[in-house]
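The following exercises are to be worked from the coordinates and the sequence. Each task is followed by a solution in steps.

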Amino acid sequence: ATFGLDAPVARFAAQLHQESGWRPDARSPYAQGLAQFTPATAEWIAEAYPALRPADPWDPLWSIRAQVTYMGHLWQGVTGAATECDRWAFALSAYNGGPGWVARDRRLASAKGADASRWWSHTELHSKRAAWAFKENRGYPRRILLLLEPAYIAAGWPGSAVCPNT
């Protein structure tokens, strides 16, 4: 995906801050490297986007290129979002927990009478994930879009807040 000249650099920086604290050697029980890819997702993205072969989540340059590519892939896959802010929240939730969960959460939100085109105060409130996963996943877009992205913009990183009034 291409985001054009208005590429949300501050948003991607905020995401890397959240993922690894900018540590290329970061490791969790599930993921590794600067952008915290699971081994399976790293292999998938390198297969789906041959310019990213071979997969190397420990290489900071590979991680950043893969992060932006994967976010573009997820962002393009979000359809029917009410606003760009909602679209980015859905895409970030998918990066953190998988696009399958986002689809299930949107269906559940709709079934419960919430607006499945909206993330904030609608879909974000509905999921059948484990409590720990729900808490982590819902905090992920909130921290990136509402706390870290504005801080990076204030520090002079390129971009504009996608959720200025949320």
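A residue is called buried under 20% relative accessible area, exposed over 50%, and partly exposed in between. The model examined here is a predicted one.

**Exercise 1.** Classify S121 by its accessibility and describe its backbone and its place in the chain.

Solution. Step 1: the relative accessibility of S121 is 53%, so S121 counts as exposed. Step 2: S121 is located in the loop between α5 and α6. Step 3: its phi is near 60 degrees, a positive value in a residue other than glycine.

**Exercise 2.** Carry out the analysis for Q36: is this residue buried or exposed?

Solution. Step 1: Q36 has a relative accessible area of 12%, and it is therefore buried. Step 2: the loop between α1 (9-20) and α2 holds Q36. Step 3: Q36, a residue other than glycine, has a positive phi near 55 degrees.

**Exercise 3.** Describe the overall architecture and dimensions of the protein.

Solution. Step 1: the protein contains six helices and zero strands, giving the pattern α-α-α-α-α-α along the sequence. Step 2: for 166 residues, a compact globule would have a radius of gyration near 15 Å, and the protein agrees with this because its value is 15 Å. Step 3: along the principal axes, the C-alpha atoms fill a box of roughly 45 × 35 × 25 Å. Step 4: 45% of the 166 residues count as buried. Step 5: among contacts with a separation of 6 or more, 55% involve residues 24 or more positions apart. Step 6: the accessible surface is about 8400 Å², and carbon and sulfur atoms hold 57% of that area.

**Exercise 4.** How many salt bridges does the protein have, and where do E84 and R87 lie?

Solution. Step 1: side chains of opposite charge can pair when their charged atoms come close. Step 2: the protein has 17 positive and 14 negative charges, whose mean positions are 7 Å apart. Step 3: a salt bridge requires a side-chain nitrogen of Lys or Arg within 4 Å of a carboxyl oxygen of Asp or Glu, and the count comes to eight. Step 4: E84 and R87 form one such bridge, at 3.7 Å from N to O. Step 5: both residues belong to helix α4 (residues 84-97), three residues apart, about one turn of the helix. Step 6: E84 is partly exposed at 39% relative accessibility, whereas R87 is buried at 17%.

**Exercise 5.** Which parts of the protein does the salt bridge between R138 and D105 tie together?

Solution. Step 1: the side chains of R138 and D105 meet at 3.0 Å, N to O. Step 2: R138 lies in helix α6 (residues 131-154) and D105 in helix α5 (residues 99-111), so the bridge links parts that are 33 residues apart in sequence. Step 3: R138 and D105 are both buried. Step 4: elsewhere, D86, D115 and R118 are joined into one network by salt bridges that share partners.

**Exercise 6.** Characterise R53 through its salt bridge and its peptide bond to P54.

Solution. Step 1: R53 pairs with E47 in a salt bridge, with the closest N and O atoms 3.4 Å apart. Step 2: R53 is partly exposed, with a relative accessible area of 48%, while E47 is exposed at 55% relative accessibility. Step 3: the peptide bond from R53 to P54 is cis, its omega being near -10 degrees. Step 4: P54 sits in the loop between α2 (39-48) and α3.

Note on methods. Residues are numbered from 1 along each chain as its sequence is written. This is a predicted model: local features need pLDDT of at least 70, side-chain atom pairs count only at pLDDT 80 or more; totals for chains, interfaces and linings use all residues. Side-chain values use heavy atoms; hydrogens and water are left out. Helices (H or I, at least four residues) and strands (E, at least two) are DSSP runs, numbered from the N terminus. The radius of gyration is taken over C-alpha atoms; the globule rule is 2.2 Å times the number of residues to the power 0.38. Buried means under 20% relative accessible area, exposed over 50%, partly exposed in between (1.4 Å probe, protein chains only). Contact means heavy atoms within 4.5 Å. Accessible areas come from the Shrake-Rupley method with a 1.4 Å probe; for residues, only the protein chains shown count as cover. Lys and Arg count as positive and Asp and Glu as negative; His and the chain ends are not counted. The place of a charge is taken as NZ of Lys, CZ of Arg, CG of Asp or CD of Glu.
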